[in-house]
Amino acid sequence: MRTAGPPFTVAGMSDHMPAREGSGSEVPYERVALGQDRAHSARLYDYFLGGKTNYIVDRDAARDLMQALPAIETVARVNRSYMRRAVRYAAQQGVRQFLDLGAGFPSAPNLHEVAQDVARDCRVIYADTDPIVLVYGDELLDGTPEGRTRVVQADVTRPEEILAAMTEQEVFDLDRPVAVSLHAVLHLVPDAERPHDGVSRLMDQLAPGSYLSLSHCTGDLAPRTWRTVIDVCARHGISAQPRSRSQVRRFFTGLQLVEPGVVPAHRWRPEVDPGPGILRDGQVCLYAGVACKR
Ligand SMILES: C[S@@+](CC[C@H](N)C(=O)[O-])C[C@H]1O[C@@H](n2cnc3c(N)ncnc32)[C@H](O)[C@@H]1O
């Protein structure tokens with residue numbers, strides 16, 4: 001766990017760093033493998049949203065994924081639009097502390113902008129495992145004077161570290177509710193890493209009135225397509241584990257799902273009726289749901 005900001009060196013490039021010995025003012029550089037030699041979920045997603053934080057390896061993988069799942073750019077937009085509705089919902093219920101776990105690169109409007117649009121004093125912690133995401137996180141520190149935003153390194157499978165980061169940053173009061181967003185993250189965490197257990201241990205520690213919001217890829221609605229998507233991801237070094245509706249619902253165990261429950265993301269409290277035939281469930285392939293801890 002680390003707050004964004006300290007200097008990184010790129011693994012394998014230390015020869016290019018200025019000599020530090022004997023200067024008397026050594027900076028404690030930490031060698032971090034940035035993983036630029038293969039595609040990464042955050043940069044792929046950035047590409048699908050029309051961003052510029054992606055490399056050739058990501059764009060190659062993106063093109064293969066677009067062949068397998070032609071609506072994938074739409075799915076990314078559906079996911080961002082779901083984030084806006086779910087965060088607004090939690091803020092309208094009175095929650096003022098938001099944890100965006102697996103935050104990805106900044107993409108306007110960012111979660112803190114959505115929450116602080118409802119209440120200017122909302123506080124937001126962005127967390128991710130990827131060092132490049134954390135560096136770009138600087139752009140997320142521009143919230144309202146009444147609120148606060150922070151960026152930390154944290155892994156959904158290590159809830160104790162997330163809780164420590166939340167308190168160390170002195171941004172959250174853990175006696176008060178927190179709205180946790182885990183959007184388009186958990187399908188990147190295989191069962192072997194026990195993501196259900198991680199989420200449950202995190203929610204256990206939060207105050208009553210806290211919320212959990214998830215979006216999660218599924219193969220339920222287009223099984224053949226998803227077999228191909230998993231193969232393409234594996235070829236590009238990304239492990240993807242889409243889950244069934246009941247496996248996604250399991251993340252909400254012990255919490256009270258709000259209406260309409262776990263549904264394809266574009267059907268979760270849509271603000272504008274998309275009309276028949278514009279978006280089919282099989283194109284979206286993404287379940288979403290929000291639940292409250294009572
Ligand atoms: C597809 S992006 C989603 C970004 C954002 N949540 C959204 O929905 O717009 C997935 C993000 O999850 C992060 N991630 C992957 N595994 C993670 C883990 N175990 N813990 C925390 N973040 C993780 C990736 O680094 C990436 O930034």
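Visitor: Is Cys122 buried or exposed, and how should one read its relative accessible area?

Guide: This is a predicted model, and the value is computed from it. A residue counts as buried under 20% relative accessible area. Cys122 has a relative accessible area of 0%, so it is buried. Cys292 can be read in the same manner: its relative accessibility is 1%, and therefore it also counts as buried.

Visitor: How many disulfides does a search of the whole structure find?

Guide: The search covers the whole structure and finds 0 disulfides.

Visitor: Let us turn to the strands. How many residues of strand β4 are buried?

Guide: Strand β4 spans residues 123–128, and 5 of these 6 residues are buried, so that the strand is mostly covered. As a general idea, side chains in a regular strand alternate between the two faces of the sheet.

Visitor: In which sense do β3 and β4 pair?

Guide: Strand β3, residues 97–101, pairs with β4 in the parallel sense, over 5 bridges. To find one such place in the model, look at Phe98, whose bridge partner in β4 is Val124. Between these two strands the chain passes through helix α4, residues 111–118, and the resulting β-α-β crossover is right-handed.

Visitor: How many bridges join β4 to strand β5?

Guide: Strand β5 comprises residues 148–153; it runs parallel to β4 and is joined to it by 6 bridges. Val124 serves again as a landmark, since it stands opposite Thr149 in β5. Here the chain crosses from β4 to β5 through helix α5, residues 131–136, and this β-α-β crossover is right-handed.

Visitor: What is the volume of the largest pocket, and which residues lie nearest its centre?

Guide: The largest pocket holds about 1300 Å³ of space. Its lining consists of 50 residues, and those nearest the centre are His40, Ser41, Ala42, Ala184 and Leu188. Elements giving two or more residues to this lining are α1 (41–48), α3 (72–92), β3 and α8 (223–235). Helix α3 gives the most, with 6 residues. By residue class, the lining of the largest pocket has 31 nonpolar, 12 polar and 7 charged residues.

Visitor: What is the volume of the second largest pocket?

Guide: The second largest pocket has a volume of about 190 Å³. It is lined by 11 residues, with Ser81, Arg85, Pro270, Glu271 and Val272 closest to its centre. This lining divides into 5 nonpolar, 2 polar and 4 charged residues.

Visitor: Backbone angles remain. Which residues does the cis peptide bond with omega of about -5° join?

Guide: That cis bond joins Ala108 and Pro109. Pro109 is in the loop between β3 and α4, which belongs to the path of the right-handed crossover from β3 to β4. Another cis peptide bond runs from Glu259 to Pro260, with omega near 10°. Pro260 lies in the loop between β8 (256–257) and β9 (263–264).

Visitor: What phi does Ala184 have, and where is Ala184 found?

Guide: Ala184 is not a glycine, yet it has a positive phi of about 55°. It is found in the loop between β6 (179–183) and α7 (195–204), and it is among the residues nearest the centre of the largest pocket. Arg194 likewise has a positive phi of about 55° without being a glycine, and it lies in the loop between β6 and α7.

Visitor: Is Arg194 buried or exposed?

Guide: A residue counts as exposed over 50%. Arg194 has a relative accessible area of 53%, and therefore it is exposed.

Methods: Residues are numbered from 1 along each chain as its sequence is written. This is a predicted model: local features need pLDDT of at least 70, side-chain atom pairs count only at pLDDT 80 or more; totals for chains, interfaces and linings use all residues. Side-chain values use heavy atoms; hydrogens and water are left out. Buried means under 20% relative accessible area, exposed over 50%, partly exposed in between (1.4 Å probe, protein chains only). Helices (H or I, at least four residues) and strands (E, at least two) are DSSP runs, numbered from the N terminus. Two strands pair if DSSP finds at least two bridges between them. A crossover is right-handed if, with the strands pointing away from the viewer, the path from the first strand over the helix to the second runs clockwise. On a 1 Å grid over the protein atoms alone, a cavity is a set of points where a 1.4 Å probe fits but cannot get out, and a pocket is an open set with protein on both sides within 12 Å along at least five of seven lines; lining residues have an atom within 4 Å of a point. Grid points are joined across faces, edges and corners, and a volume is the space filled by probe spheres set on the points. Ala, Val, Leu, Ile, Met, Phe, Trp, Tyr, Cys and Pro count as nonpolar, Asp, Glu, Lys and Arg as charged, and the others, Gly among them, as polar. A disulfide is a pair of cysteine sulfur atoms within 2.5 Å.
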